[in-house]
Amino acid sequence: MKRVISVLAILSLLIPLSARAVSISNSLDSPLYSVSYYGRFADVFANPAALPLIETETGPFAVSTVFSDDYDASLFHSQPLSMLNKQKWDLSASFIADYIALTAFYGTAFDKYSDDPSLYDIRSSLRIELDMAYAIPHFSFGARISGGNSMIRQSKRITGFFDIFANAWFSPFERESGSESFDVGVGFLFYIGPFSLGAYTGKVITLEDNDIYLGWDAIGESTTISASLSRGRFTSEGDLALFRPRLSYSITGFTSDDALRTIEASAELTFQFLPSSSATIAVSYLETEHSFFLYNAENGYVGVFLRGEWEGISATLGVTFSAVEPSHFAPYVGLSFVS
């Protein structure tokens, strides 16, 4: 209990510093996540089918906070508050059972005006996600129901450090029209030996123009198929494997429109020191607007991430940068606790 209280106290201090990169399509586009990965609780957020396949004993509660922004180094000395660009602060809390998890996500995002860099639109969003899954040998099936909306504080002037918190937490806000969301998604995982194949469709049913919508276009745009190879947690002799590599290749967006297609290749190496203690280094290449078999580095992003875990507590540091303009980069800092 003391450890839970300590972690929550740390998280409360880090919330003002937490966010996600917006140069990438979403927060799961990092080397540490893949639709075909399983074994950790965090894998559930990429594919709900991973829920019954968590390798370590998990308690009923998890909480995390994340920081990131989107920077252009050339603007650091030419704009006020250049370190506050497209920042987000995110906090999530999950309640976990054997085959079900309920998660609440709360986030605050800053969007700087291009014509006046001291003006920002500030959005606060809330989303609830229910994940359900069931597994049989070599196969797991999962479903997700999620929905939420956001509030907005428009044209807020920020010229100093204290203005950030005053506008984010205490200034008047209004409901953002069209921000409502509702999605039903499904996913599966097939795993045998070192190989796993995963698929997830995020919008089997979705909310479009305030109406429930089911269509092949939404299904195709939100479908990810991924394959991965990984070493097992234990050696053939039953000992904990010190080195545990994983490789993954994923494609998102099965439509005729290349602008909606994304590919990602990622690799990670985990050092398992103890059953509850490990360190991971991961790298990835992600490309947006991808044409099949035609790679364009101008649409590419490279990610480098480090993660350390100890007794249910994990800390993550990472950076994603443009493959052709390294001065355009997005840092990432995360802290999480799984009871």
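This report describes salt bridges, surface patches and selected contacts in a predicted model.

Local features were taken at pLDDT of at least 70 and side-chain atom pairs only at pLDDT 80 or more, whereas totals for chains, interfaces and linings use all residues. Residues are numbered from 1 along each chain as its sequence is written, and side-chain values use heavy atoms, with hydrogens and water left out.

**Salt bridges**

The structure holds 12 salt bridges, a salt bridge being a side-chain nitrogen of Lys or Arg within 4 Å of a carboxyl oxygen of Asp or Glu. Three of them are listed here, with N to O distances.

| Pair | Distance | Location |
|---|---|---|
| R40 and E309 | 3.0 Å | R40 in the loop between helix 1 (2-14) and strand 1 (61-68), E309 in strand 15 (300-310) |
| E176 and R123 | 2.8 Å | E176 in the loop between strand 7 (174-175) and strand 8, R123 in strand 5 |
| E268 and R246 | 3.1 Å | E268 in strand 13, R246 in strand 12 |

Helices (H or I, at least four residues) and strands (E, at least two) are DSSP runs, numbered from the N terminus. R40 and E309 are 269 residues apart in sequence, so their salt bridge ties together distant parts of the numbering. R40 counts as buried because its relative accessibility is 19%, while E309, at 26%, counts as partly exposed; buried means under 20% relative accessible area, exposed over 50%, and partly exposed in between (1.4 Å probe, protein chains only). Both E268 and R246 are buried, and salt bridges that share partners join R40, R246, E268, R307 and E309 into one network.

**Surface patches**

Patches are made of residues with over 30% relative accessible area and no salt bridge, like charges being joined within 9 Å and nonpolar side chains (Val, Leu, Ile, Met, Phe, Trp, Tyr) within 5 Å. A nonpolar patch with about 950 Å² of accessible area (Shrake-Rupley method, 1.4 Å probe) includes Y99, F190 and L229; strand 5, strand 6 and strand 8 (181-192) each give two or more residues to the nonpolar patch. L229, in strand 11 (223-230), is partly exposed at 46% relative accessibility. A negative patch includes E208, D217 and D257, of which D257 lies in the loop between strand 12 (243-252) and strand 13 (262-274).

**Contacts around G148**

G148 belongs to strand 6 (139-157) and is partly exposed, with a relative accessible area of 21%. Although G148 and S181 are 33 residues apart in sequence, their C-alpha atoms lie 5.3 Å apart, and S181 is among the residues that G148 touches, contact meaning heavy atoms within 4.5 Å.

Definitions and conventions
Lys and Arg count as positive and Asp and Glu as negative; His and the chain ends are not counted. The place of a charge is taken as NZ of Lys, CZ of Arg, CG of Asp or CD of Glu. Lists of a residue's contacts leave out its neighbours within four places in sequence.
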